[in-house]
Amino acid sequence: MSRHLLWMMICLAMAATILPGGDAAHAAPGYEIQVVKTGLDRPWSINFAPDGRLFFTARNSGRLYALNITTGAVQSFGGLPPARFRVEGEAGMLGMALDPDFATNGWAYICYSSFDEAGNRRNRLSRFTIDLAAGIVTGERPLIDPMVGATHHNGCRVVISPDNQYLFVSMGDAVVPSLAQDLDSTGGKTFRIFKDGSIPLDNPFYDNGRLPRSLIWTYGHRNHQGLAFHPTTGDLWSTEHGPDIMDELNVLIAGRNYGWGWGSGPRSCLGTVNCDGVPDFMPPVAVFNTDSTVATSDMMFYTGSSFPAWFGDLFFVTLKTGRLYRLKIDNRTIVEQEILINGQYGRLRDVTVGPDGFIYVSTDATDAILLRIRPTIERPYRALLPLVMRG
Ligand SMILES: [Ca+2]
């Protein structure tokens, strides 16, 4: 046996001896991915309710469901889809936010695609009341109606501000980029209203209640379908679909212009390219896959207790590449990036945190999967004890 081979065998033996004891446990990833439920009716927005169930809108059927993540039981609520519901292309039952007092008032804010009375394509933000005892959705109260609509680029992510005063909702450009630069159009905007639908007088373009500009928070968007408030800074962040390149991550500042629809051509003012002269321009925090979009869908900031090292980290999912990203943020800068899921479950639509502190992700399919990321269960320490000799 050569000295080289002998040395290699000694090294291998040492590695085999050391790994099970300690280093392997540190080298192993600190999380595992579990399939919670399969066969879900194309979820678009997933939200945990105070009773621990996961409520979700179903894009194509226009229905609302509640999933018990322990038993797997799924409740389907009656009273939906709403009248003149519209499902085609990317349109359908989309964003939802549950009121912080959902347990007592049953309010859900839902943004969905509709037809108006003349049959034009629109989108609408409404408040519904969910009667948990009767299992039915009632009492639709439109809050922003109409918004522009098309087969594609219907926006419709909705979130409630941390102070429980305001609703923010995103609207896409309805495939007409120039609408995003027009303060007299609802296309390509973020809107801010009080939860009862009334208009805050301090909105940046408030003009005697004139619509829609009095509702506008930010403009110049293509189709932003992720919204979330940072848990400590209070900044409103957003993921936005790029056309064929440059998906964006933005911080949405009152009155700022995010550039889409400026100038001419489908690639004018992308990221920070060709954005000279754009009024009120706010550049993105980051662009992803500049040569081809990853198709950013929803995002959230982690505020659970199961991954203390990830508290305040930004998570977002992608459709085209089926990824779950984790970004560590320092104020408005990304300081660390990790991809936790990379295409093995197909298109990913939504991400949220559960009451158990685990991270829940839904796929984008007619027969969809709910996944969760949980900490790896610690293996007991296996010390290399000497043999106990009898005698
Ligand atoms: Ca932009």
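**Exercise 1.** Find the open sheet that contains strand 18: what is its strand order, and which strands stand at the edges?

*Solution.* Start with the order, which is 18-19-20-21 in an open sheet of four strands with antiparallel pairing. Strands here are DSSP runs of E with at least two residues, numbered from the N terminus, and two strands pair if DSSP finds at least two bridges between them. Next, look at the ends: strand 18 (296–301) and strand 21 (333–342) each have a single partner strand, so one side of each lacks a neighbour in the sheet. Finally, neighbouring strands of this sheet are turned by 20 degrees against each other on average, direction ignored. The axes behind such angles are lines fitted to C-alpha atoms, and angles run from 0 to 180 degrees between N-to-C directions.

A word on the model: it is predicted, with local features needing pLDDT of at least 70 and side-chain atom pairs pLDDT 80 or more, while totals for chains, interfaces and linings use all residues. Residues are numbered from 1 along each chain as its sequence is written.

**Exercise 2.** Over how many bridges do strand 19 and strand 20 pair?

*Solution.* Locate strand 19 at residues 314–318 and strand 20 at residues 323–330. They pair in the antiparallel sense over four bridges. To see a facing pair, go to Val 317, which stands opposite Leu 324 in strand 20.

**Exercise 3.** Now take the open sheet with the order 10-11-12-13. Which strands are at its edges?

*Solution.* This sheet of four strands also has antiparallel pairing. Strand 10 (158–160) and strand 13 (216–219) are the edge strands, because each has a single partner strand. Neighbouring strands are turned by 15 degrees against each other on average, direction ignored. Strand 13 pairs with strand 12 (residues 189–194) over three bridges, and Ile 216 in strand 13 is the bridge partner of Phe 191.
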